[in-house]
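Hi,

Here is the structure I said I would pass on. Have a look at it before you read my notes, which follow below.

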Amino acid sequence: MRYEIRVDGLMTETLVKAFPELDHVLMAGQTILFGAVIDEAQLYGLLARCQSLGLRVLEIRQMPTS
């Protein structure tokens, strides 16, 4: 499954490096992290990492599989 996690604000390179398994793009005052997520456990782990880093998650979307 592919997911998109939209975070409030522009993440620094240091913060982005905390998510090596995801790609990212900065746009319109937000950072979008995206990539393959194996299962719910990994998804919850990513969200826990966001919380521990003080990131405000605005949206999580499962993306269509190509």
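**Surface and overall build**

The accessible surface of the chain comes to about 4300 Å², and 55% of that belongs to carbon and sulfur atoms. Keep in mind as you read that this is a predicted model.

Now for the general layout. You'll find two helices and four strands in the chain, and starting from the N terminus the elements come in the order β-α-β-β-α-β. The radius of gyration is 11 Å, close to the 11 Å that the globule rule gives for 66 residues, so the chain is as compact as a globular protein of that length. If you'd like dimensions, the C-alpha trace spans about 30 × 25 × 20 Å along its principal axes.

A few more figures for the chain: buried residues account for 27% of its 66 residues. Take the contacts between residues at least 6 apart in sequence, and 62% of them join residues at least 24 apart. As for charge, there are 6 positive and 8 negative side chains, with the centres of the two sets 4 Å apart.

**How the strands pair**

I'd start with S1, which covers residues 2–8. It runs antiparallel to S3 (residues 30–36), and seven bridges join the two. Among the partners across this pairing, Ile-5 is matched with Leu-33 in S3, and Asp-8 with Gln-30 in S3.

S1 also pairs with S4 (residues 57–63), again in the antiparallel sense, this time over six bridges. Here Val-7 stands opposite Val-57 in S4. Is S1 enclosed or open? Five of its seven residues are buried, so S1 is largely enclosed by the rest of the structure.

S3 has another pairing to look at: S2 (residues 23–27) lines up with S3 over five bridges, antiparallel too. Met-27 has Gln-30 as its bridge partner in S3, and you'll remember Gln-30 as the bridge partner of Asp-8 as well.

One thing to have in mind when you click along any of these strands: in a regular strand the side chains alternate between the two faces of the sheet.

**The turn at Ala-28**

S2 and S3 form a hairpin with two residues between the strands. Ala-28 lies in that loop between S2 and S3. What is its phi? Ala-28 has a positive phi of about 50 degrees, although it is not a glycine. For background, most residues other than glycine have a negative phi. Ala-28 counts as exposed, because its relative accessibility is 79% and the cut-off for exposed is over 50%.

**Three more residues to click on**

*Met-1.* This residue sits in the segment before S1. With a relative accessible area of 44%, Met-1 is partly exposed. Leaving aside its neighbours within four places in sequence, Met-1 is in contact with Gly-35, Ala-36, Val-37, Ile-38, Asp-39 and Gln-62. Gly-45 is 44 residues away from Met-1 along the chain, and their C-alpha atoms are separated by 15 Å.

*Val-37.* Next, go to the loop between S3 and H2, where Val-37 lies. Val-37 is buried, because its relative accessible area is 2% and the cut-off for buried is under 20%. Setting aside neighbours within four places in sequence, the residues in contact with Val-37 are Met-1, Tyr-3, Gln-42, Leu-43 and Leu-46. So the Met-1 contact turns up from this side too. Val-37 and Ala-48 are eleven residues apart in sequence, and their C-alpha atoms are 14 Å apart in space.

*Leu-47.* This one is in helix H2, which takes in residues 40–52. Is Leu-47 buried or partly exposed? Its relative accessibility is 23%, and it counts as partly exposed. Leaving out neighbours within four places in sequence, Leu-47 is in contact with Val-57 and Ile-60. Leu-47 and Val-57 are ten residues apart along the chain, with 8.1 Å between their C-alpha atoms. Val-57 came up above as well, as the residue in S4 opposite Val-7.

If you only have a few minutes, I'd look at S1 between its pairings with S3 and S4, and then at Ala-28 with its positive phi.

Cheers

Note on methods. Residues are numbered from 1 along each chain as its sequence is written. This is a predicted model: local features need pLDDT of at least 70, side-chain atom pairs count only at pLDDT 80 or more; totals for chains, interfaces and linings use all residues. Side-chain values use heavy atoms; hydrogens and water are left out. The radius of gyration is taken over C-alpha atoms; the globule rule is 2.2 Å times the number of residues to the power 0.38. Buried means under 20% relative accessible area, exposed over 50%, partly exposed in between (1.4 Å probe, protein chains only). Contact means heavy atoms within 4.5 Å. Accessible areas come from the Shrake-Rupley method with a 1.4 Å probe; for residues, only the protein chains shown count as cover. Lys and Arg count as positive and Asp and Glu as negative; His and the chain ends are not counted. The place of a charge is taken as NZ of Lys, CZ of Arg, CG of Asp or CD of Glu. Two strands pair if DSSP finds at least two bridges between them.
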